[in-house]
Amino acid sequence: MTSPLRVAALAAASLLILTACIPDKTQVSPTEQETSTGGATASAAPNVTDLPDVYRQGVDWSACGEVECATLQVPLSWDEPDGETVSLEINRHPARSQGERIGSLLINPGGPGGSGLDMTEYLATIAGDDLLDAYDIVGFDPRGVGESTPVQCGPDGVIDDYYMADVVIESQDDVDAEVARTEQFAAGCLAETGDFLTEVDTVSAARDMDVIRTVLGDDELYYLGFSYGTQLGATYAEVFPENVGRMVLDGALDVEMDGQELTLGQAAGFENSYRNYLEWCIDQGNCPLGDTVDEGLAETTAMLDQALEEPLQTLSTYRLNRNLLLYGIIVTLYSEDSWPYLTQGFREIETTGTGAIMYQLANLYFDRDAASDTYLTNSTWAFTAVNCADSAEEDPVTYDEIADFTVEAEEASPTFGWWFASGTGCEGWPVSDAQIVDSLDEAAAGAAGRIVVVGTTNDPATPYAWAEAMATQLDAPLLTYDGEGHTAYGRSNQCIIDNVDGFLVDEVLPDSGTRC
């Protein structure tokens, strides 16, 4: 999913389960707020007199497994806010204590392309009790994603050919061939999706969030976003600073960096996390990669080179090429709890010369079922569509640019730098005229004291320096988790939960510099 030179790869693997919706007849209007028992209590609705029609729609909640589901309509293009609409799927886990209820807490797991619907039930199992008492947890699939009107790009085989192949760029002819490959794939996406393909940008998604806020009856937006969800949240704060209630941005992305800077930062982040994995593997004893970190790095490079020359057999008709082996490694670095599976994968390669475990791990990244070779969601190509909708049109990339950037990337990450520099980005994708937020001046001025940024010191996907930068840009306190892995809330320690919940529930800002 990496789009080097233009867009940084920021997708996190998701292991959450999508639930099926079963309709019932519960209905709530924008001027009502439903209780957890199905009754309704009056609440003041935001003034929607001068807003587009979508702000005045009702919400028809239906039973949906352990949560409740609803479908909203938002403009296909926010350039025509009262024109054609697309669907936005939302769900909610109602607040457990109506007497303590504050409002709706919108959540986004990242990606772009991650499903907020999938995250709702999961968050209800990891969040603090105070937060669950005070908020309806509201998940949504952003425009283009999952159960909402989706970006579509064709059958699974077409997707496989585009994302799973090894890409080697050694000349301008290779660059031209890769651009042509992207043009062909994007043409298929455009044929399947229509003009909506270029309307899935982050600013439009933020505008959709304001519709959700309003029709749910909240005067202010309460929000918890992870990874790319921090960019989405910060974008909302920039576009609607006066509407921010309380917002937590965990695993922050530096929106003021350009694509190359983001890619170099992430390359260094994954290199650091992989070195930490190797130290852990060696400490466990009998590490299949050797007895020192340097040995482990050399052995990893040798494996990747070998997989390029001769992909390994798996339990699928697909072999484990270099690209898939790399994804199998990368996906485990999002959480130290996955490190034992990475060791198992390396041990299988060392002892049997096959790559079935690594192939399964790579499929987790793509949200793809390894047994049936089918995609479970559209997160993979939605990731590309959103990132490319957010990308400004630039001059065609040249081989010399890629060669120069490869040198920088390999300095940042000797093990993985080649991968972060091995593509042509969004060239060949339909150009979007979407607004792009690349500074947070309005958010900093208008939402001061209402945002908390969370960073993890050894986060590979969104390096800690990005959290420091976003906290500075927003003039917001920085809450730090000293540890491994991507993001912190719900996967780190009670200190993080207490500080985040203390802010979201009791409006107590943590001291900037608080470390957990």
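These legends describe an overview and several close-up views of one predicted model.

In this predicted model, local features need pLDDT of at least 70 and side-chain atom pairs count only at pLDDT 80 or more, while totals for chains, interfaces and linings use all residues. Residues are numbered from 1 along each chain as its sequence is written, and side-chain values use heavy atoms, with hydrogens and water left out.

**Figure 1. The whole protein chain has 17 helices and 13 strands.** Helices (H or I, at least four residues) and strands (E, at least two) are DSSP runs, numbered from the N terminus. The radius of gyration is 22 Å, close to the 24 Å of the globule rule for 516 residues, so the chain is as compact as a globular protein of that length. That radius is taken over C-alpha atoms, and the rule is 2.2 Å times the number of residues to the power 0.38. Along the principal axes, the C-alpha atoms fill a box of roughly 65 × 50 × 45 Å. Of the 516 residues, 60% count as buried. Buried means under 20% relative accessible area, exposed over 50%, and partly exposed in between (1.4 Å probe, protein chains only). The chain exposes about 19500 Å², with 46% of it supplied by carbon and sulfur atoms. Areas come from the Shrake-Rupley method with a 1.4 Å probe; for residues, only the protein chains shown count as cover. Among contacts with a separation of 6 or more, 74% join residues 24 or more positions apart. Contact means heavy atoms within 4.5 Å.

**Figure 2. Nine strands build an open sheet with mixed pairing.** The strand order is 3-4-5-7-6-8-9-12-13. Two strands pair if DSSP finds at least two bridges between them. Strand 3 (62-64) and strand 13 (478-484) stand at the edges with a single partner strand each, so one side of each is left without a neighbour in the sheet. From one strand to the next, the twist averages 25 degrees. Helix 17 (residues 494-506) lies across six strands of this view: strand 6, strand 7, strand 8 (221-226), strand 9 (244-250), strand 12 (451-458) and strand 13. Helix 17 runs at about 165 degrees to strand 9. Axes are lines fitted to C-alpha atoms, for helices over the stretch in contact, and angles run from 0 to 180 degrees between N-to-C directions.

**Figure 3. A hairpin joins strand 3 and strand 4.** Two residues lie between the strands. Glycine 65, in the turn, has a positive phi of about 70 degrees. The pairing is antiparallel, over three bridges. Serine 62 stands opposite cysteine 69. Alanine 63 faces glutamate 68 across the pair.

**Figure 4. Strand 5 (residues 85-93) is largely enclosed, with seven of its nine residues buried.** Strand 4 (residues 67-75) pairs with strand 5 in the antiparallel sense over eight bridges. Threonine 71 stands opposite glutamate 89, and glutamine 73 stands opposite serine 87. Strand 4 also has seven of its nine residues buried, so it is largely enclosed by the rest of the structure. Strand 7 (residues 135-140) pairs with strand 5 over four bridges, again antiparallel. There, asparagine 91 has glycine 139 as its bridge partner.

**Figure 5. Glycine 110 sits in the loop between strand 6 (103-108) and helix 1 (116-126).** Glycine 110 is buried, at a relative accessible area of 4%. Leaving aside neighbours within four places in sequence, glycine 110 contacts Phe226, Ser227, Tyr228 and Gly229. Its C-alpha atom is 7.1 Å from that of glycine 225, 115 residues apart along the chain.

**Figure 6. Helix 12 (379-389) is mostly covered, and the loop after it holds an exposed aspartate.** In helix 12, 11 of 11 residues are buried. Among them are Trp381, Phe383, Val386 and Cys388. The buried residues pack against helix 3 (156-163), helix 4 (172-193), helix 5 (202-215), helix 6 (228-239), helix 11 (356-366) and strand 11 (374-375). Aspartate 395 lies in the loop between helix 12 and helix 13 (399-412). Aspartate 395 is exposed, at a relative accessible area of 65%.

**Figure 7. Helix 8 (residues 293-309) and helix 9 (residues 322-332) cross at roughly 145 degrees.** Their axes come within 7 Å. Helix 8 contributes Thr300, Met303, Leu304, Ala307 and Leu308 to the contact. Helix 9 contributes Arg322, Leu325, Leu326 and Ile329. These residues divide into seven nonpolar, one polar and one charged. Ala, Val, Leu, Ile, Met, Phe, Trp, Tyr, Cys and Pro count as nonpolar, Asp, Glu, Lys and Arg as charged, and the others, Gly among them, as polar.
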